[in-house]
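User: I should like a close look at a single residue and its setting in this model. Please then relate that part to the rest of the chain, giving the cut-offs of each term you use.

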Amino acid sequence: MNFNDIFKSSFLENVSAINISDMVLALILAFLIGLFIYFIYMKTYRGVMYSASFGITLLALTMITTLVILAVTSNAVLSLGMVGALSIVRFRTAIKEPLDIAFLFWAIAAGIVLAAGLIPLAVIGSAVIGGVLIIFVNRKTYTRPYIIVLRCEDHKAETAACESIKGHVDKCSVKSKTAQKGMVELNLEVRLKSEDTDFINEVAEIDGVISAVLVSYNGDYMS
């Protein structure tokens, strides 16, 4: 009995099933495209707390996917076993930003396409996706929602402040109102007409207005 007889699954034959140069080229390209995805993620992140580990995960995920698909394409039997093994994996990490899902699918898709040998598709497709994300995610818009936290001494000051705000914004709606003795607090959702926010200074100087705070936020209120 020799060493080859011990491994009845033709282990030694699988060693040469994948060309070494092809494997090295695929992993290098996966690293470069993963690095590009990581760079785009850093440039387009608009969440509250940036996670460097998630960016590194995108890089690793591209390379891991490439490695898995290379193994699957080299052996039909292995592909069936791989599907069964991966089907029992469960990920319970919550995705906080919807855009993060797009980056995860991008990294996985890039790894699959690279391992399939469609290098131009992987490179050009990643460049196009990155350009689209840079343009649309970083695009400045005045229609994004803002919240104004307004504190007034009485109803008269509240009315004057609201009228002043409505004259400088396209949309103004009350989200919440708290009335206490000697103070009224309003949370207003507004859509600005321009990038100029000096009007909030004028509102704060109205007689009876205690404070006026303008805050940008992500997400929509449920109506």
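Analyst:

**A close look at Thr66**

Thr66 is buried, with a relative accessible area of 0%; buried means under 20% relative accessible area, exposed means over 50%, and partly exposed lies in between (1.4 Å probe, protein chains only). This is a predicted model, in which local features need pLDDT of at least 70 and side-chain atom pairs count only at pLDDT 80 or more, while totals for chains, interfaces and linings use all residues. Residues are numbered from 1 along each chain as its sequence is written, and side-chain values use heavy atoms, with hydrogens and water left out.

Thr66 belongs to helix α4 (residues 52-74). Helices (H or I, at least four residues) and strands (E, at least two) are DSSP runs, numbered from the N terminus. Leaving aside residues up to four places away in sequence, Thr66 touches Ala26, Leu27, Ala30, Gly111, Leu114 and Ala115; a contact means heavy atoms within 4.5 Å. With Gly111 there is also a polar link: the side chain of Thr66 reaches the backbone oxygen of Gly111 at 3.3 Å. A polar contact is a pair of N or O atoms within 3.5 Å; within protein, one must be able to donate a hydrogen and the other to accept it, and residues adjacent in sequence count only if both atoms are side-chain atoms.

Leu32 offers another view of the helices. Leu32 lies in helix α3 (residues 20-44) and is partly exposed, with a relative accessible area of 47%. From C-alpha to C-alpha, Leu32 and Leu59 are 8.6 Å apart in space, although 27 residues separate them in sequence.

The strands may be considered next. In strand β1 (residues 145-152), six of the eight residues are buried, so β1 is largely enclosed by the rest of the structure. β1 pairs in the antiparallel sense with strand β3 (residues 183-192) over eight bridges, and with strand β4 (residues 209-216) over seven bridges, also antiparallel; two strands pair if DSSP finds at least two bridges between them. Pro145 has Arg191 of β3 as its bridge partner, while Cys152 is matched with Val209 of β4.

The whole chain gives the wider setting. The protein chain has nine helices and four strands, in the order α-α-α-α-α-α-α-β-α-β-β-α-β along the sequence. Of its 223 residues, 28% count as buried. Among contacts between residues at least 6 apart in sequence, 72% join residues at least 24 apart.
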